[in-house]
Amino acid sequence: MLYAVLFEDNAQRAADLRRRHMAAHLAFLEQNAARIHAAGPLQQTDGDAAGGLWLVEAESAAAVDTLVREDPFWPTGLRRSVRILRWSQVFAAGRRLI
């Protein structure tokens, strides 16, 4: 199953925490590339940081939750909230998939 993972970050601490832990976070994403198909930051329309988005393939939401908690960003307090949502892709590369 595919899941969209939406992260909302702690705005007051985000810049410092990202800078200090980014190398470990990126290494974690690379190590989990078979499950994390895409990942990247989200921004407010004014350009301010807003959080992040992952697209994950996993057997269950519980497996995604475990993956999120293994991310080096998790214990730092950067993430204010996380939402794990099932996602069905119906369109890609200009074509319908259903």
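**Exercises on a predicted model**

From the N terminus on, the elements of the protein chain run β-α-β-β-α-β-β-β. The model is a predicted one, and the exercises below work from the overall fold towards one residue.

**Exercise 1.** Determine how many helices and strands the protein chain holds, and in what order the strands of the open sheet lie.

*Solution.* Begin with the inventory, which comes to 2 helices and 6 strands in the protein chain. Next, turn to the open sheet, which is formed by 4 strands in the order E2-E3-E1-E4, with antiparallel pairing. Strand E2 (36-43) and strand E4 (79-87) each have a single partner strand and stand at the edges, so one side of each is left without a neighbour in the sheet. Finally, the twist from one strand to the next averages 15°.

**Exercise 2.** Describe how E2 pairs with strand E3, and find which helices pack on the sheet.

*Solution.* Start with the pairing: E2 and strand E3 (residues 49-57) run in the antiparallel sense and are joined over 7 bridges. As one residue-level example, Ala39 has Trp54 in E3 as its bridge partner. Then consider helix H1 (residues 14-31), which packs on the sheet and touches strand E1 (2-9), E2, E3 and E4, while its direction makes about 15° with that of E3. Helix H2 (residues 61-70) also packs on the sheet, touching E1, E2, E3 and E4, and the direction of H2 makes about 40° with that of E1.

**Exercise 3.** Decide whether the radius of gyration of the protein chain agrees or disagrees with that of a compact globule.

*Solution.* For 98 residues, a compact globule would have a radius of gyration near 13 Å, and because the protein chain has 14 Å, the two agree. The C-alpha trace spans about 45 × 30 × 20 Å along its principal axes. Of the 98 residues, 28% are buried, and the accessible surface comes to about 6,500 Å², of which 52% belongs to carbon and sulfur atoms. Among contacts with a separation of 6 or more, 68% are between residues 24 or more positions apart.

**Exercise 4.** Place Leu2 in the fold and classify its exposure.

*Solution.* First, locate Leu2 in strand E1. Its relative accessible area is 23%, and since buried means under 20% and exposed means over 50%, Leu2 is partly exposed. Leaving aside residues up to four places away in sequence, Leu2 touches Val56, Glu57, Leu85, Arg86, Trp87 and Gln89. Lastly, Leu2 and Glu59 lie 57 residues apart in sequence, yet their C-alpha atoms are 8.5 Å apart in space.

How values were computed. Residues are numbered from 1 along each chain as its sequence is written. This is a predicted model: local features need pLDDT of at least 70, side-chain atom pairs count only at pLDDT 80 or more; totals for chains, interfaces and linings use all residues. Side-chain values use heavy atoms; hydrogens and water are left out. Two strands pair if DSSP finds at least two bridges between them. Axes are lines fitted to C-alpha atoms, for helices over the stretch in contact, and angles run from 0 to 180 degrees between N-to-C directions. Contact means heavy atoms within 4.5 Å. The radius of gyration is taken over C-alpha atoms; the globule rule is 2.2 Å times the number of residues to the power 0.38. Buried means under 20% relative accessible area, exposed over 50%, partly exposed in between (1.4 Å probe, protein chains only). Accessible areas come from the Shrake-Rupley method with a 1.4 Å probe; for residues, only the protein chains shown count as cover.
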